Amino acid sequence: MKLLDRLAPVAESLSLAGLGAGLLWLSLSGRYASFVPPSARLGIIVSGAGLLACSLALSARLGAGEHEHTDTEHGRRALTRALVALLASALIVLPFRVSPSELASTAWSARGADAGPASGLDAGDDEGTSASSSSSEGDASPATTSQSGNTSQVPSTGTLELTTDNFYSQVEELIANGRAHDGQHIDLVGFVVSPEAARGQASIPRVTEEESFAVARMAIWCCAADAYPVGFAVRWSGPTPEADSWVRVSGTLRVRGTKALVIEADSVEVTDAPNPEFVIQSR
């Protein structure tokens, strides 16, 4: 028997074990949260355990001598499967990272120009209303209740804290009933989006001359492939933080135009990225 015929089944077994171990590590270490929502964790664990079981079963067959008469063609197919599994394992464990802006740019190109309205979070503003809304912001008084079926988690006179768990739903509420929250204090963590990058995103307000940058989180429903940024324009008199850096922004919420969300920042502090970095889109 040729050496290839002997090694191919062994390589296939080892590669399946490596892929299964990689999937288990991905889920147990929490790294899966960089690619898929928490609901996918159980499926990843089950898949990893299944691959390990397949590897053990294949090893048992090798030990029983069932592959002694494997033909060359079958050995080549087994070796091909082994190489594919090893490549997948390497991609799982490699410490690669895509910046939020790069991911946002790729996702926007894939989703097309109607991504914002389709998600229900069209954060754009009317071209002619920016100046008039600025003059009326001081007259807007916070309301104590929301005007929609979605209830805000805090009274509009208190501080609205956006967390990983409530970020998407709160932004959705603010866009739907922004005037009820105009003037409310808001606190959130997000990554910095440059004015140029924000211009191409449907769910981030246009950064005008009055603002210096935008702050956002990437929202996902299925996986990282459908991620897109959701966020706010920020008025800040201090130094502009570096794009893609994570910051905690605290200030006063203002609504520009009909539904563009702007934060008049009292403080902008560089902070660590949250875990997970994604927020989950509710449907």
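**Reading a surface patch, annotated segments and two cores**

Mentor: In this predicted model, Leu79, Leu83 and Leu86 form a nonpolar patch on the surface, and together they have about 260 Å² of accessible area.

Trainee: Where does Leu83 lie, and why does Leu83 count as exposed?

Mentor: Leu83 belongs to helix 3, which covers residues 72-93. Exposed stands for a relative accessible area over 50%, and Leu83 counts as exposed because its relative accessibility is 53%.

Trainee: At which residues does UniProt place the feature "transmembrane region"?

Mentor: The UniProt record, an unreviewed entry, places that feature at residues 7-28, 40-58 and 78-96. An annotation of this kind can be set beside the coordinates: over residues 7-28 the chain is 100% helix and 0% strand, with the end C-alpha atoms 31 Å apart, while residues 40-58 are 95% helix and 0% strand, with the end C-alpha atoms 27 Å apart.

Trainee: Which residues touch the most other members of the largest nonpolar core?

Mentor: That core has 26 residues, and Ile186 and Phe232 are the ones that touch the most other members. At least two residues each are supplied by several elements, including strand 1 (159-162), helix 7 (167-176), strand 2 (185-193) and strand 6 (260-270), and helix 7 gives the largest share, five residues.

Trainee: What does Ile186 touch, leaving out residues up to four places away in sequence?

Mentor: Its contacts include Leu160, Leu162, Leu174, Phe232, Val249, Leu253 and Ile263, and also Ser250, Gly251 and Thr252. Apart from this core lies another one, of 16 residues, among them Ile204, Ala216, Ile220 and Ala227.

Definitions and conventions. Residues numbered from 1 in each chain as written. Predicted model: local features only at pLDDT ≥ 70, side-chain atom pairs only at ≥ 80, totals over all residues. Heavy atoms only, no water. UniProt positions renumbered as here; feature names shortened; annotations may be inferred. Helix = DSSP H or I, 4+ residues; strand = E, 2+ residues; numbered from the N terminus. Core = buried A, V, L, I, M, F, W, Y, C linked by side-chain atoms within 4.5 Å. Buried < 20%, exposed > 50% of the residue type's maximum accessible area, 1.4 Å probe, protein only. Contact = heavy atoms within 4.5 Å. Patch = residues over 30% accessible without salt bridge, like charges linked within 9 Å, V, L, I, M, F, W, Y side chains within 5 Å. Areas by Shrake-Rupley, 256 points an atom, 1.4 Å probe, with all protein chains shown as cover. Salt bridge = Lys/Arg side-chain N within 4 Å of Asp/Glu carboxyl O.
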